[in-house]
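Biologist: Could you take me through the salt bridges in this one? I'd like a close look at who pairs with whom, and how open to solvent the partners are.

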Amino acid sequence: MTRCCLHLYDLWGSPDNTLLILVWEHFHRKLNEKFQLPGIRLQELGVVRRTPSQWLVHLKQLAAVTFDLTPGSDVTPLDKENSYCLFLRLVSRHFRGEEGGARWNKMRGRFYTRFHPRRMKELSDAGLHNFFSLFLVISIVREVDEVGERLCDMVNMLDWISAVEHTKRLVIWRGLFVLMLVHVNRNSKLPPIADDMAAKISQVARCRNSGETSRHQQWEQVCTYIDSVEEVFQYSESLGNEEYRLLTCMGQLLHTANHIELCKLFSVLRSLLSVLKRVSDTSSGVSVAHLGVSDVLWGNVYPFLTGHVQTGVTEPQDATLLAVL
C-alpha cells in the first residue's frame, strides 16, 4: 500500500493532506510493530540503529529528495525498506520545501494529538524508535526548533529515567541525541532539553548504588550518554551550538565511577579535548565556544582529576589529561 502511495505521489503529487491522512490513520495504530520484511534481517532494514549518528544517516536518506521507486535501483534500495520507512519517505516528500507551511500547519495536530500520556506508555522499544523516527524526519524537513520542542514534551510525558524499562531508556537517550545532531547539522543552538539530559544522567549516576536498577544497566546508560556526546562534538564543525551544556554532568559521572569505568570516561574526555583543539586550530583567536567548553571542563573535571592524582592510584593517561586541561 505504501509503495503504491509513493508511486501515486511521484506521478501526481498531492496538493492537500488527504493521501497522507489516509496512510497515517493506518500507521499510527501499528507503531509497536517492527515492520520486518521476509528474508531480511532487522539490522538490514535500518530498524535498529546502534548509534545516534547511524540513525541520523538513515533518516537523512529517508528524507532525501532523490530516490527511485524501481526495485533494485542503485539510487536507493527501496525494495529492502519496510512499509514504515516508505511512509517516512512520503512524509518527507509531502512537507519538504513547502512554501508557508500550510500543509504542515493543517497536519501537525493529527500527529501530535495521537501521543497522549497513555499512548506514550503503551509504546514498546520498536514503537519508541518509530515514534522518534517520525518526528525526527519531520524536524529535518521542517522547523527543528518547533518540532523538536514538541517531541521533547511528548517524551517527558514519561518518567523515563525511573518508570520505564531499561531498553526503552536507551532508545530515548539515542533518539534525543539524534535531535541534538539535527540541531548541530542546522547550525542551531541545542534546545533546553540538553540541560535536562545532563541533569538526568547525573541522576542516574547518583542512583548507581541505590539498588533501584542494576549497576550494569546504569553504566550502559552512562556509556550511551558519553558516547553520544562524543558523536555530537565530532559532528560539530565549530562547537558554536552550546554543545558544552551536555558536559555539566561530567563531575558527577567521574565521582561515581570505578577504576575501569574511569578509563572509559577519560578516553572520551581526551577525544573531546582533541575536538576542541581541532576547532581552536582552525579558528582565529579564542572563540566563545572554546571558552564555554573549557569553563565546563575546568569546573567539572579538573577538581576531580587533581584529587584523583593525589590518591596515587593513577595511570599515565590521567596525568596527560590533567596536563591538557
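Modeller: Let's start with Glu-25 and Arg-29, whose side chains meet in a salt bridge at 3.8 Å, N to O. Bear in mind that this is a predicted model. Arg-29 is out in the open, with a relative accessible area of 59%, so it counts as exposed, the cut-off being over 50%.

Now hop over to Asp-227, which forms a salt bridge with Lys-264, the closest N and O atoms sitting 2.7 Å apart. That pair ties together distant parts of the chain: Asp-227 belongs to helix 12 (residues 215–235) and Lys-264 to helix 14 (residues 259–281), with their positions 37 residues apart. Both ends are partly exposed, Asp-227 at 29% relative accessibility and Lys-264 with a relative accessible area of 28%.

Then there's Arg-245 with Glu-242, another side-chain salt bridge, at 2.9 Å from N to O. Here Arg-245 is buried, its relative accessible area being 11%, while Glu-242 is partly exposed at 22%. Back with the pair we began with, salt bridges that share partners join Glu-25, Arg-29, Arg-110 and Arg-114 into one network. Across the whole structure you'll find 14 salt bridges.

For a contrast, have a look at some charges outside those pairings: Glu-143, Asp-145, Glu-149 and Asp-153 gather in a patch of negative charge on the surface. One of them, Asp-153, lies in helix 9 (residues 144–155) and is partly exposed, with a relative accessible area of 42%.

Conventions:
Residues are numbered from 1 along each chain as its sequence is written. This is a predicted model: local features need pLDDT of at least 70, side-chain atom pairs count only at pLDDT 80 or more; totals for chains, interfaces and linings use all residues. Side-chain values use heavy atoms; hydrogens and water are left out. Patches are made of residues with over 30% relative accessible area and no salt bridge: like charges are joined within 9 Å, nonpolar side chains (Val, Leu, Ile, Met, Phe, Trp, Tyr) within 5 Å. Accessible areas come from the Shrake-Rupley method with a 1.4 Å probe; for residues, only the protein chains shown count as cover. A salt bridge is a side-chain nitrogen of Lys or Arg within 4 Å of a carboxyl oxygen of Asp or Glu. Lys and Arg count as positive and Asp and Glu as negative; His and the chain ends are not counted. The place of a charge is taken as NZ of Lys, CZ of Arg, CG of Asp or CD of Glu. Helices (H or I, at least four residues) and strands (E, at least two) are DSSP runs, numbered from the N terminus. Buried means under 20% relative accessible area, exposed over 50%, partly exposed in between (1.4 Å probe, protein chains only).
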